[in-house]
Amino acid sequence: MPAIDTKTKLPADSVLGWLSTREGWKRRSNRLLKEFRFTHFRDSIVFVNRVATIADSKKHHPDIDVRAGTVTLSISTEQVGGITERDLDLAEQIDFATSFQH
């Protein structure tokens, strides 16, 4: 498995290409954002715990905003001021591990 480049900010067209294949993810400034909606607050917290497990395993942590039944994830690499392959990988892992109807 090739190493993930954590030091190079991706060009906008690369990020847009990735976004075109991913449901729900958006680019805001230099961050990836996705909103997840749940019927119950408890479900939001279960989801956040799953994301925390993934993030810890990757040693790369998203910003997480919890508002009742809505969880918003925001991912970027602050050191480069933008989105890197590492961010895309984390987003993909979150989608894969937390697949559900939203």
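A polar contact is a pair of N or O atoms within 3.5 Å; within protein, one atom must be able to donate a hydrogen and the other to accept it. The views below show a predicted model.

**View 1. Polar contact between the side chains of Thr 84 and Thr 77.** The two side chains come to 3.0 Å in this contact. Thr 84 sits in the loop that joins strand E4 (70–75) to helix H3 (85–97).

**View 2. Burial of Thr 84.** The relative accessibility of Thr 84 is 0%. Buried means under 20%, so Thr 84 is classed as buried. Across the protein chain, 36% of the 102 residues fall in the buried class.

**View 3. Order of the secondary-structure elements in the protein chain.** The chain contains 3 helices and 4 strands. Read from the N terminus, the elements follow the order α-β-β-α-β-β-α. The radius of gyration is 13 Å, close to the 13 Å given by the globule rule for 102 residues, so the chain is as compact as a globular protein of that length. The C-alpha trace spans about 40 × 25 × 25 Å along its principal axes.

**View 4. Contacts along the protein chain.** Among contacts with a separation of 6 or more, 66% are between residues 24 or more positions apart.

**View 5. Surface and charges of the protein chain.** The exposed area is about 6400 Å², of which carbon and sulfur atoms supply 51%. The chain carries 15 positive and 14 negative charges, and the mean positions of these two sets are 3 Å apart.

Definitions and conventions:
Residues are numbered from 1 along each chain as its sequence is written. This is a predicted model: local features need pLDDT of at least 70, side-chain atom pairs count only at pLDDT 80 or more; totals for chains, interfaces and linings use all residues. Side-chain values use heavy atoms; hydrogens and water are left out. Helices (H or I, at least four residues) and strands (E, at least two) are DSSP runs, numbered from the N terminus. Buried means under 20% relative accessible area, exposed over 50%, partly exposed in between (1.4 Å probe, protein chains only). The radius of gyration is taken over C-alpha atoms; the globule rule is 2.2 Å times the number of residues to the power 0.38. Contact means heavy atoms within 4.5 Å. Accessible areas come from the Shrake-Rupley method with a 1.4 Å probe; for residues, only the protein chains shown count as cover. Lys and Arg count as positive and Asp and Glu as negative; His and the chain ends are not counted. The place of a charge is taken as NZ of Lys, CZ of Arg, CG of Asp or CD of Glu.
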